[in-house]
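I opened the notebook to look up a few things in this structure, one at a time. The entries below follow the order in which I checked them.

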Amino acid sequence: MGALTGGVLAMLIGGATGCAAGAAFGEVVDDNVLDKYRCADCGQTFGNKPA
């Protein structure tokens, strides 16, 4: 019974850790790679935050 409980806890902790790491990586990709901004006048997209 203890091994089963330990296995379930390990899965939950591993899942939470993986989720946090994935969210952090996704935020870095969003901020640095993807075109997040669009010019309202011409429609040009760009990824750098406006100054």
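**Entry 1: cysteines.** I started with Cys39, which is partly exposed at a relative accessible area of 26%. The model is a predicted one, and I kept that in mind for every value here. Next I asked how far the sulfur of Cys39 is from the closest cysteine sulfur. The closest is in Cys42, at 3.6 Å. A disulfide needs the two sulfur atoms within 2.5 Å, so the pair is too far apart for a bond. I noted for myself that a disulfide is a covalent bond between the sulfur atoms of two cysteines. The count for the structure agrees, with zero disulfides.

I then looked at Cys42 itself. Cys42 sits in the loop between strand 1 (37-38) and strand 2 (45-46). Its relative accessible area is 60%, which makes Cys42 exposed. I also checked Cys42 against Thr5, 37 residues away along the chain, and found their C-alpha atoms separated by 58 Å. For Cys19, I wrote down a relative accessible area of 55%, so Cys19 is exposed.

**Entry 2: the chain as a whole.** How many helices and strands are there in the protein chain? I found one helix and two strands. Along the sequence they come in the pattern α-β-β. The radius of gyration is 20 Å, while the globule rule gives 10 Å for 51 residues, so the protein chain is more spread out than a compact globule. I looked up the extent of the C-alpha trace too, and along the principal axes it spans about 65 × 15 × 15 Å.

I went on to the surface of the protein chain. Of its 51 residues, 2% count as buried. The accessible surface comes to about 4,300 Å², and carbon and sulfur atoms hold 66% of that.

**Entry 3: helix 1.** I picked Val29, which is in helix 1 (residues 2-32). Is Val29 buried or partly exposed? Its relative accessibility is 24%, and buried means under 20%, so Val29 counts as partly exposed. I then took the C-alpha atoms of Val29 and Gln44, which are 15 residues apart along the chain, and read a separation of 20 Å.

Asn32 also lies in helix 1. I read 61% relative accessibility for Asn32, which counts as exposed. Where Asn32 is paired with Gly47, 15 residues apart along the chain, the C-alpha atoms are separated by 6.5 Å. I set this beside the 20 Å for Val29 and Gln44.

**Entry 4: a nonpolar patch.** Which residues make the nonpolar surface patch? I listed Met1, Leu4, Val8, Leu9, Met11, Leu12 and Ile13, and the patch has an area of about 820 Å². I checked one of its members, Ile13, and found it in helix 1. At 57% relative accessibility, Ile13 counts as exposed.

How values were computed
Residues are numbered from 1 along each chain as its sequence is written. This is a predicted model: local features need pLDDT of at least 70, side-chain atom pairs count only at pLDDT 80 or more; totals for chains, interfaces and linings use all residues. Side-chain values use heavy atoms; hydrogens and water are left out. Buried means under 20% relative accessible area, exposed over 50%, partly exposed in between (1.4 Å probe, protein chains only). Helices (H or I, at least four residues) and strands (E, at least two) are DSSP runs, numbered from the N terminus. Patches are made of residues with over 30% relative accessible area and no salt bridge: like charges are joined within 9 Å, nonpolar side chains (Val, Leu, Ile, Met, Phe, Trp, Tyr) within 5 Å. Accessible areas come from the Shrake-Rupley method with a 1.4 Å probe; for residues, only the protein chains shown count as cover. A salt bridge is a side-chain nitrogen of Lys or Arg within 4 Å of a carboxyl oxygen of Asp or Glu. The radius of gyration is taken over C-alpha atoms; the globule rule is 2.2 Å times the number of residues to the power 0.38.
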